[in-house]
Amino acid sequence: MNKAFVKESEQDDDDDAAALALAIPAGSKNYIRPEGYQRIKDELLQLIDVERPEVVKIVHWAASNGDRSENGDYIYGKRRLREIDRRIRFLTKRLDSAFIVDPSAHYGSDQVFFGATVTYSNQHGEERTITIVGIDELDPLNGKISWVAPVARALTKAREGDTITFQAPHGVEELDILEVSYPAPAAD
């Protein structure tokens with residue numbers, strides 16, 4: 001099929017590369033916890049081993065039915081196949097650039113590093129608990145913030161009991177670090 005009749009552009013790969021580059025600060029590594037790495041790897045294997053083969057079967061079946069121009073199964077299947085392939089490329093790049101950091105190496109420390117779970121209070125007395133994670137593990141609704149977030153950068157290297165000041169979007173904010181914890185090392 002001629003590219004003129006397809007609604008996707010050749011820039012799709014460039015968009016993935018741009019998203020990959022934008023998320024990670026220049027000169028930095030793509031830090032990730034072991035469980036985050038495993039989650040991405042599991043998703044990649046699910047796409048490669050299960051979802052893609054199923055869609056390929058559907059597209060093959062739909063193509064064998066004849067006229068493809070008005071064949072919804074064929075058109076949707078090809079679109080889904082492109083989405084899966086795009087996601088596979090993106091996840092592969094993320095895994096290739098990943099730098100796995102085990103936060104349990106800091107178990108017992110009261111200083112904030114990557115992987116720390118930090119409880120702090122702001123100047124209004126509101127307490128919040130966050131875990132500093134990799135860009136690919138981001139889940140702000142569950143208290144997992146990226147290590148490149150302004151609050152995470154401000155907290156890094158501070159210790160339990162310290163008060164830090166950082167520039168929040170709504171102005172300067174002071175945070176009192178109440179507790180710093182790390183997961184216990186796995187028993188061998």
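How many bridges join strand 3 to strand 4, and in which sense do the two strands run? The legends below take up this question and others, view by view, for a predicted model.

**View 1. The whole chain, from the N terminus on.** Here is the setting for the close-ups: a protein chain with four helices and seven strands. Reading from the N terminus, you will meet the elements in the order α-β-α-α-β-β-β-β-α-β-β. Of the 188 residues in the chain, 34% are buried.

**View 2. An open sheet of five strands.** The strands lie in the order 5-4-3-7-6, and their pairing is mixed. Strand 5 (144–146) and strand 6 (163–168) each have a single partner strand, so they stand at the edges with one side left without a neighbour in the sheet. From one strand to the next, the twist averages 45°. As a reminder for the views that follow, strands of a sheet pair through backbone hydrogen bonds, either parallel or antiparallel.

**View 3. Strand 3 with its partners, strands 4 and 7.** Back to the opening question: strand 3 (residues 117–122) and strand 4 (residues 127–133) are joined by five bridges and run antiparallel. To find your place in this pair, look for Thr-119, whose bridge partner in strand 4 is Thr-129. Strand 3 also pairs with strand 7, again in the antiparallel sense, over six bridges. Here a handy landmark is Tyr-120, with Ile-177 of strand 7 standing opposite.

**View 4. The hairpin of strands 6 and 7.** Two residues make the connection in the hairpin that joins strand 6 to strand 7. The pairing of strand 6 with strand 7 (residues 171–181) is antiparallel and spans six bridges. Along the pair, Thr-163 stands opposite Asp-176, while Thr-165 has Glu-174 as its bridge partner in strand 7.

**View 5. The two faces of strand 6.** In a regular strand the side chains alternate between the two faces of the sheet. Which residues of strand 6 belong to the covered face, and which to the uncovered one? Ile-164, Phe-166 and Ala-168 make up the covered face, whereas Thr-163, Thr-165 and Gln-167 make up the uncovered one. Two of these names come back from the previous view: Thr-163, opposite Asp-176, and Thr-165, the partner of Glu-174.

**View 6. Asn-122 and its polar neighbour.** Asn-122 has its place in strand 3. Is this residue buried or exposed? With a relative accessible area of 11%, which is under the 20% cut-off, Asn-122 counts as buried. A polar atom of the Asn-122 side chain lies 3.0 Å from the backbone nitrogen of His-124.

**View 7. The second largest pocket.** Rolling a probe the size of a water molecule over the atoms shows where empty space is left. The second largest pocket has a volume of about 180 Å³. Its lining has six nonpolar, two polar and two charged residues. Among the residues that line this pocket are Tyr-31, Val-101, His-106, Phe-113, Trp-147, Arg-153 and Lys-157.

**View 8. Lys-157, from the pocket lining to the loop.** One of the residues lining the second largest pocket, Lys-157, sits in the loop between helix 4 (150–155) and strand 6. Its relative accessibility is 59%, so Lys-157 counts as exposed. Most residues other than glycine have a negative phi. Lys-157, although not a glycine, has a positive phi of about 80°.

Key
Residues numbered from 1 in each chain as written. Predicted model: local features only at pLDDT ≥ 70, side-chain atom pairs only at ≥ 80, totals over all residues. Heavy atoms only, no water. 1 Å grid on protein atoms, 1.4 Å probe; cavity = no way out; pocket = protein on both sides within 12 Å on 5 of 7 lines; lining within 4 Å. Points joined across faces, edges and corners; volume = space filled by probe spheres on them. Nonpolar A, V, L, I, M, F, W, Y, C, P; charged D, E, K, R; others polar. Pairing = 2+ DSSP bridges. Axes fitted to C-alpha atoms, helices over the stretch in contact; angles between N-to-C directions. Buried < 20%, exposed > 50% of the residue type's maximum accessible area, 1.4 Å probe, protein only. Polar contact = N/O pair within 3.5 Å; in protein donor to acceptor, adjacent residues only side chain to side chain.
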